[in-house]
Amino acid sequence: MASVAERLEGIWGERPGLITWLQTVDHKKLGFKYLYTGMVFFVFGGIESLVIRAQLADANLEVVDPETYNQMFSMHGTTMMFLFIVPVLSGFGNYFVPLMIGARDMAFPRLNAFGYWAFLGAGIFMHSSFLIGKAPNNGWFNYVPLANSEFTPGVNIDFYVLGLIFLGFSTTAGAINFIVTILKLRAPGMSINRMPIFVWGELALGLAVVFAQPPLTAALVMLELDRKLGFHFFDSTQGGDAVLWQHLFWIFGHPWVYILVLPAFGLVSMMIPAFTRRPMIGYIYIVVAEMAVALIGFGVWVHHMFAVGIPQIALSFTSLSSFMVTIPSAIQVFAWLATLIAGKPILKTPMLFVLGFVFTFVLGGLSGVMFAAIPFDLQTTDSYFVVAHIHYVIIGGSVFPIFGGLYYWLPKMTGRMLDERLGKLSFWLMFAGFNLAFFPMHISGLLGQPRRTYTYQEGLGWDIWNLLSTIGAFVLALGILITFINWYKSMKSGEPAGPDPWEAETLEWSTSSPPPEYNFESIPAVRSLHPMWEQPELRRGPQRPEDGAYLLASGHETLATSMLDATPQAVVEMPHESPWPVTVTVAMMVSFYGVLFDSALLTAGGTVASMAAVAGWFWPTGETQET
Amino acid sequence: MFWISLAVFAVVVAFLAVAYVRGHRKQTQLTEARWGGPFVVVSGIVAPSLILAGVFVVSLNDMMALSTPPQQPSLTIDIIGHDWWWEVRYGSSGAVTANEIHIPTGESVQLRLTTDDVIHSFWVPQLQAKTDLISGEVNTMWLQADEPGRYRGQCAEFCGLQHANMIFYVIADEPREFESWLANEASQAPEPAEAGASRGESVFLQSSCAGCHAVRGTEADADLGPDLTHLAQRETIASGVLDNTRSELAGWIIDPQSAKPGAIMPPTELSPADLDALLDYLESLE
């Protein structure tokens with residue numbers, strides 16, 4: 001009789017080859033795809049930023065012309081905000097949420113595949129604008145009326161608008177999938193108060209996206225109607241309102257920047273226990289804080305608009321909520337610090353990134369609190385001070401944890417360790433380069449340098465600070481490059497990692513590295529917030545039914561449990577690989593290009609094809625109902 | 001606020017340093033951290049709430065102080081944003097200029113901010129925080145300069161290709177000097193006294209110049225570009241990008257696109273003699 005592992009292999013295995021590559025619904029393969037694709041876009045966005053810094057190294061340089069410069073900074077922001085951080089965090093989430101909660105896949109594997117393909121499609125769609133030299137050129141927040149067809153007649157803005165509508169399908173699908181997976185597929189016994197903090201972070205991301213995405217999509221659709229069909233939503237000469245765009249954009253936009261950091265915070269709360277050898281202090285405070293940020297984040301959007309001329313009473317409310325939103329962050333910072341002090345930090349590369357993160361994020365948070373003060377904001381908004389702030393919170397708050405996460409989790413994903421020496425070198429270069437690049441921007445901002453300017457005059461005292469920023473940016477890029485080299489080397493010749501190289505606390509370390517296609521031979525029963533530390537049987541191989549495990553080795557199945565207590569409720573039949581997600585995406589892409597180039601034929605053809613593909617997706621197969 | 005930030009940052013770095021040092025110690029007994037919860041509550045909730053509440057109250061006071069001028073404004077100036085220059089109008093006096101805003105020292109001046117096209121933002125860092133110029137809205141703010149001088153300002157909201165070169169100056173003069181400047185600026189353009197300038201006036205009126213620019217007192221009354229009635233009074237041209245000298249002016253007229261790529265002003269083809277006469281005329285517009 002075949003062993004359990006062989007039987008599961010037969011049930012869950014996907015055939016190798018290109019077809020499977022296109023059809024896979026395995027959350028781990030999709031997680032890798034998200035990670036790689038997000039990193040490719042990160043490199044694009046990084047190159048754009050180096051062009052920007054080269055142009056600004058000194059006064060009156062002409063490395064690129066103003067139009068190219070505007071496309072560069074617009075695509076830099078759009079790429080980093082939409083195509084890098086959230087996809088990479090979704091990649092980690094896709095890969096690790098099921099592993100951390102003891103499930104065999106995400107709740108909706110085919111939707112998961114669609115989410116990835118739509119993200120890739122939207123990214124290709126937006127970047128294809130470079131092929132005709134018409135990349136988006138009005139910044140990542142794309143204010144009207146500048147973005148109306150009167151002032152930007154080319155297709156630049158249509159690439160931005162349609163690309164982001166397209167991407168919205170991906171983000172929404174991903175968010176819903178995370179919410180359902182986290183609430184319904186946790187291993188038996190993993191009640192909601194035993195959920196790893198990273199999983200809480202992804203849940204906060206999911207919930208925030210579901211509420212933040214609709215205002216953006218609405219605004220984008222309205223703008224495209226203005227541009228293509230002559231509507232007047234944002235045209236103040238015809239009774240429209242230019243400020244409406246800003247409200248809709250920032251109701252989305254500010255929650256979005258919290259979306260960028262919440263899972264990253266969760267990641268930090270995973271790495272600190274692993275490298276201090278003790279549980280996080282204040283688990284409950286951290287969880288409440290994560291959710292509070294996601295909630296309060298919806299009340300602060302007007303602080304991007306203090307200079308617009310909104311009545312002071314409204315500004316005061318936003319100012320208050322902007323002060324309030326710092327408190328949950330303070331809670332987390334001090335919980336991390338308390339754990340670091342109570343434990344014995346082991347300074348491996350991931351931990352260096354965590355310490356670097358705390359350092360820079362606190363600086364970014366402090367400059368952020370300053371913006372909550374209206375008079376200060378009015379002086380510094382739209383200056384380089386804001387550029388400094390946003391990079392401190394986003395690189396500090398999100399990119400450093402992501403890089404720490406690479407060193408922490410890639411051994412699980414590839415089965416091979418990364419090199420510590422290269423890792424530390426990479427960290428110190430990134431840390432030094434980052435601070436050299438962005439700290440001077442505080443000063444140039446206070447000296448009056450506005451953001452988004454392709455050149456500046458001599459004699460204003462800005463030159464030296466800009467030169468330092470440029471040098472720092474290149475050092476930072478070098479540090480990032482070293483991590484990529486390290487990554488490549490580890491895949492070729494890294495030390496084997498073994499199932500649990502860090503002796504960490506959560507379930508993903510109980511299975512092999514890389515995990516088998518079915519994740520766990522048996523779905524473990526969880527009796528602790530730190531299962532790997534407090535359930536010794538998990539270290540001895542797959543949990544046995546005597547210890548409470550569910551085998552589920554006779555079908556393509558995982559276990560559904562109740563939302564709060566995770567008591568077993570049902571065995572869920574999981575779908576197999578499918579050609580439909582990628583087909584729907586291609587069809588949608590055709591119709592988006594149709595709208596872009598005013599081709600009714602392409603638009604109609606693509607729309608009909610995508611509806612047909614959705615019908616194919618849901619066509620009854622005669623077997624059990626697959627979701 | 002800076003000192004509070006510095007203090008908070010110092011505390012955090014101190015904790016980080018403690019953690020880092022502990023990481024280098026050989027063996028540590030894992031202590032039962034019963035102080036952990038209260039520590040998080042006190043330093044993560046109580047302390048920041050107290051500090052932030054204080055800063056919030058102070059900032060509201062400052063906000064109200066910023067929005068009310070110290071004195072009753074003596075003068076209202078209309079500032080109209082254009083791609084990519086600033087139109088400046090002195091109400092009923094009839095004075096109109098561009099990119100250089102003269103104000104009297106020691107007096108509060110009210111500004112009415114509007115835009116002719118996209119959103120811009122008015123920012124003179126040394127004098128006042130910024131206020132946006134919003135399409136379809138009128139925003140107001142005030143300025144006051146106590147010392148005579150030239151204060152640089154720049155558009156602070158991305159407004160397209162030449163956002164970087166939408167520069168202006170606020171020039172604060174003693175009230176008496178300001179009054180005479182205003183009286184001159186409100187008057188019509190002087191009749192050209194010399195033959196060259198006089199020929200230049202007809203070049204101006206017959207070439208494409210008059211299609212966009214006004215010189216009060218002549219037939220040229222278009223309002224697409226800056227009012228040139230007293231151009232020679234200005235220190236800069238092209239919205240603060242070039243000095244107002246004969247050679248810069250000539251280069252700007254012939255080829256505005258090299259100094260400001262994307263500027264709305266088209267290149268003008270003129271014979272050398274016509275250009276010379278035109279420059280004589282423009283330099284006579286005191």
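Visitor: In which crossing does helix 6 of chain B pass helix 8 of chain B?
Guide: This is a predicted model. Here helix 6 of chain B goes past helix 8 of chain B, and the crossing is right-handed.

Visitor: Which residues make that contact, and how do they divide by class?
Guide: Helix 6 of chain B brings B:Arg246, B:Leu249, B:Ala250 and B:Ile253. Helix 8 of chain B brings B:Leu275, B:Leu279, B:Leu282 and B:Glu283. By class, these residues are six nonpolar, no polar and two charged.

Visitor: Why are helix 6 and helix 8 of chain B called oblique to each other?
Guide: Their axes lie 10 Å apart and pack at an angle of about 120 degrees. Angles of 65 to 115 count as roughly perpendicular, and those over 145 as roughly antiparallel. The angle fits neither range, so the two helices are oblique.

Visitor: Which helix gives the most to the side of chain A that touches chain B?
Guide: In total, 65 residues of chain A are in contact with 62 residues of chain B. Elements giving two or more residues on the chain A side include helix 4, helix 8 and helix 12 of chain A. By class, that side has 42 nonpolar, 16 polar and seven charged residues. The most, 12 residues, comes from helix 11 of chain A.

Visitor: Leaving aside neighbours within four places in sequence, what is A:Val358 in contact with?
Guide: The largest nonpolar core has 281 residues, and A:Val358 is among the four that touch the most other members. Beyond its sequence neighbours, A:Val358 is in contact with A:Val333, A:Trp336, B:Val12 and B:Leu16.

Technical notes: Residues are numbered from 1 along each chain as its sequence is written. Chains are lettered from A and ligands numbered from 1 in the order in which they are written. This is a predicted model: local features need pLDDT of at least 70, side-chain atom pairs count only at pLDDT 80 or more; totals for chains, interfaces and linings use all residues. Axes are lines fitted to C-alpha atoms, for helices over the stretch in contact, and angles run from 0 to 180 degrees between N-to-C directions. Helices (H or I, at least four residues) and strands (E, at least two) are DSSP runs, numbered from the N terminus. Angles under 35 degrees count as roughly parallel, over 145 as roughly antiparallel, 65 to 115 as roughly perpendicular and the rest as oblique. A crossing is left-handed if the near helix is turned anticlockwise from the far one by less than a right angle, and right-handed if clockwise. Two residues are in contact if their C-beta atoms, placed from the backbone, lie within 7 Å. Ala, Val, Leu, Ile, Met, Phe, Trp, Tyr, Cys and Pro count as nonpolar, Asp, Glu, Lys and Arg as charged, and the others, Gly among them, as polar. A nonpolar core is a set of buried Ala, Val, Leu, Ile, Met, Phe, Trp, Tyr and Cys residues joined through C-beta atoms within 7 Å. A residue is buried if 20 or more other C-beta atoms lie within 10 Å of its own, exposed if 12 or fewer, and partly exposed in between; C-beta atoms are placed from the backbone.
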